Amino acid sequence: METSDPSNFFQSDQDLAALQQHIERKARIDAALAAAAAAASATSAASDSTTAVLDASAAAAALSSVGAVPEFVHSFPSKILAIAFVAPAPFPADAGPKPLWAFLAESGHVARRIDLKTGKASNVYKGHGGPVTSLAVSYSSADGSDEFLYTGSWDKSIRKWDVKSHTCLQIYLAHADFVKSLLLFSPTRLCSGSSDRTIYVWDTTPQPPADLDSSSTAKTATTSSTATPATTRRPLVTINGDHTRGIEALARVGDVLFSASSDTSIRAWDIATGRPASAAAVSATAAAPLLKGHLTSVYGLVTVETDDGDTELWSASADKTAKRWNLEGIPDASFTHPDFVKCLAVVAGQYLVCGGRDENIWVWDIATEKTVKVIEAHFGEISCLGLHGGLLWTGSLDGTVRGWKIRGTVLPALPRFFPSLH
């Protein structure tokens with residue numbers, strides 16, 4: 001690939017080298033997937049043992065070049081920006097295979113509800129005027145099913161959807177810039193974080209007519225109804241003034257809301273007042289009111305319940321680290337990567353799994369802070385990941401969601417008492 005090629009006139013040698021590496025990486029990943037599929041097919045046929053052995057040998061060689069191959073690969077029309085897993089609900093025994101539901105937020109201005117086992121969408125939620133960046137799900141008190149979906153977008157709005165009818169019920173408008181994060185703090189309290197440096201707390205119960213703008217010119221957000229959804233512009237609580245740059249992520253520990261920002265800090269809040277959480281309130285959680293330790297943008301926050309009933313707070317950052325925070329607001333464990341870390345999860349309290357801009361899955365032993373495994377997982381930034389249904393799921397800017405077997409694939413070994421992941 002030469003820079004003398006007219007089609008490459010405006011590309012530097014560095015750009016072209018990166019493109020070539022991307023092409024080669026995609027070829028390795030695709031070859032590993034094809035080899036694994038061929039080996040599985042040959043093994044199931046079992047009619048020619050020589051062919052089966054050869055296919056298994058080819059699969060092993062391809063596998064060694066990328067680290068592991070996923071159990072599932074599902075492709076979608078646009079970049080995957082966020083994933084929200086649906087908690088299991090009662091399912092009729094005679095209704096066939098039990099689906100494994102999740103919601104996806106996509107750069108193509110839509111969210112969709114998919115069965116992770118098949119990749120098929122049961123509903124698509126259309127109406128946003130920009131990429132959908134964030135998701136939150138609330139559940140029916142009657143049967144435990146997913147009832148409402150909340151979506152945040154670059155179009156500065158938040159939308160509430162009826163999951164089954166994919167009808168937009170309400171639009172929340174107050175942010176002056178991209179909505180980057182959503183967190184359902186309770187069944188009636190939704191927190192939103194934005195690039196405008198503000199966090200809003202919304203009352204998600206039906207609002208009185210005076211608080212609704214039914215004449216909103218917002219375009220209809222449903223494919224099953226032509227009714228214009230009501231719009232509310234009055235958040236219940238406003239939190240601003242302390243973060244100096246945009247809000248990237250939100251997390252809850254007990255009664256305290258934590259926010260991560262591109263100003264390098266993580267802060268704790270009382271959502272009832274909108275003020276910084278008191279030292280007493282925060283001391284009962286996993287960190288201090290102000291956590292400083294990252295060098296640049298903090299992209300992700302994750303809370304982890306420990307065996308002794310405590311809650312740990314973890315963060316992912318553009319400074320190429322993932323960190324765990326102690327009671328004094330100081331990171332007591334730090335894991336350094338070669339590039340931005342965007343998302344993370346903790347497995348069995350023993351292993352840290354991270355994804356980010358280098359497109360790899362990184363697996364760490366928490367106790368030793370040593371790398372256990374690196375998997376060439378995607379050929380685009382890994383934007384989100386999580387554990388669901390006994391698998392690790394990763395979403396990427398390459399437009400795919402991939403499911404990875406944890407035992408023996410992502411991790412070399414797990415304790416015998418390791419429970420099923422839901």
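Among contacts in the chain between residues at least 6 apart in sequence, half of the picture is long-range: 50% join residues at least 24 apart. The model is a predicted one. Its secondary structure comes to 3 helices and 30 strands. Of the 422 residues in the chain, 50% are buried. The chain has an accessible surface of about 18900 Å², and carbon and sulfur atoms account for 54% of that area.

Helix α1 spans residues 13-45, and Ala27 lies in it. Ala27 counts as partly exposed because its relative accessibility is 44%, which falls between the limits of 20% for buried and 50% for exposed. Ala27 also gives an example of two positions distant in sequence: Phe379 is 352 residues away along the chain, yet the two C-alpha atoms are 9.5 Å apart in space.

The strands can be followed from the N-terminal side. An open sheet of 4 strands has the order β2-β3-β4-β5, and its pairing is antiparallel. The edge strands of this sheet are β2 (80-85) and β5 (121-126), each of which pairs on one side only. On average, neighbouring strands here are turned by 20° against each other, direction ignored. Within the sheet, β2 and strand β3 (residues 101-106) are joined by 5 bridges in the antiparallel sense. One bridge can be placed by residue: Ile83 has Leu104 in β3 as its partner. Strands of a sheet pair through backbone hydrogen bonds, either parallel or antiparallel.

Further along, the loop between β6 (132-139) and β7 (146-153) contains Ser140. Ser140 counts as buried because its relative accessibility of 15% is under the 20% limit. The side chain of Ser140 has polar partners inside the loop. One of its polar atoms lies 3.0 Å from the backbone nitrogen of Ala142. The side chains of Ser140 and Asp143 are joined by a polar contact of 3.3 Å. When neighbours within four places in sequence are left aside, Ser140 is in contact with Ser145 and Glu147.

Two loop residues stand out by their backbone angles. Thr264 is not a glycine, but has a positive phi of about 90°. Thr264 sits in the loop between β16 (256-261) and β17 (265-270), and it counts as buried because its relative accessibility is 14%. Lys320, likewise not a glycine, has a positive phi of about 80°. The loop that holds Lys320 runs between β21 and β22. With a relative accessible area of 34%, Lys320 is partly exposed.

The strands on either side of Lys320 belong to another open sheet, in which 4 strands follow the order β20-β21-β22-β23 with antiparallel pairing. In this sheet β20 (298-305) and β23 (331-336) stand at the edges with a single partner strand each, so one side of each has no neighbour in the sheet. Neighbouring strands of the sheet are turned by 20° against each other on average, direction ignored. In the middle of the order, β21 (residues 311-317) and β22 (residues 321-325) pair over 4 antiparallel bridges, with Leu313 opposite Trp325 in β22.

Next comes a hairpin. Strands β26 (residues 360-365) and β27 (residues 370-376) run antiparallel and are joined by 6 bridges. There are 4 residues between the two strands, and Glu369 in the turn has a positive phi of about 60°. Asp365 has Lys370 in β27 as its bridge partner.

Strand β26 leads to the nonpolar interior. In soluble globular proteins, nonpolar side chains tend to be buried together. The largest nonpolar core has 18 residues, of which Val347, Val353, Ile361, Leu392, Trp404, Val410 and Leu411 touch the most other members. At least two residues of this core come from each of β24 (341-347), β25 (351-356), β26 and β28 (382-388). Apart from this core lies another, of 15 residues, including Ala82, Phe103, Leu149 and Cys168. Returning to the largest core, Leu392 can be taken as an example of its packing. Not counting residues up to four places away in sequence, Leu392 touches several residues, among them Val353, Ile361, Leu385, Trp404, Ile406 and Val410.

Definitions and conventions: Residues are numbered from 1 along each chain as its sequence is written. This is a predicted model: local features need pLDDT of at least 70, side-chain atom pairs count only at pLDDT 80 or more; totals for chains, interfaces and linings use all residues. Side-chain values use heavy atoms; hydrogens and water are left out. Two strands pair if DSSP finds at least two bridges between them. Buried means under 20% relative accessible area, exposed over 50%, partly exposed in between (1.4 Å probe, protein chains only). A polar contact is a pair of N or O atoms within 3.5 Å; within protein, one must be able to donate a hydrogen and the other to accept it, and residues adjacent in sequence count only if both atoms are side-chain atoms. Contact means heavy atoms within 4.5 Å. Accessible areas come from the Shrake-Rupley method with a 1.4 Å probe; for residues, only the protein chains shown count as cover. Axes are lines fitted to C-alpha atoms, for helices over the stretch in contact, and angles run from 0 to 180 degrees between N-to-C directions. A nonpolar core is a set of buried Ala, Val, Leu, Ile, Met, Phe, Trp, Tyr and Cys residues joined through side-chain atoms within 4.5 Å.
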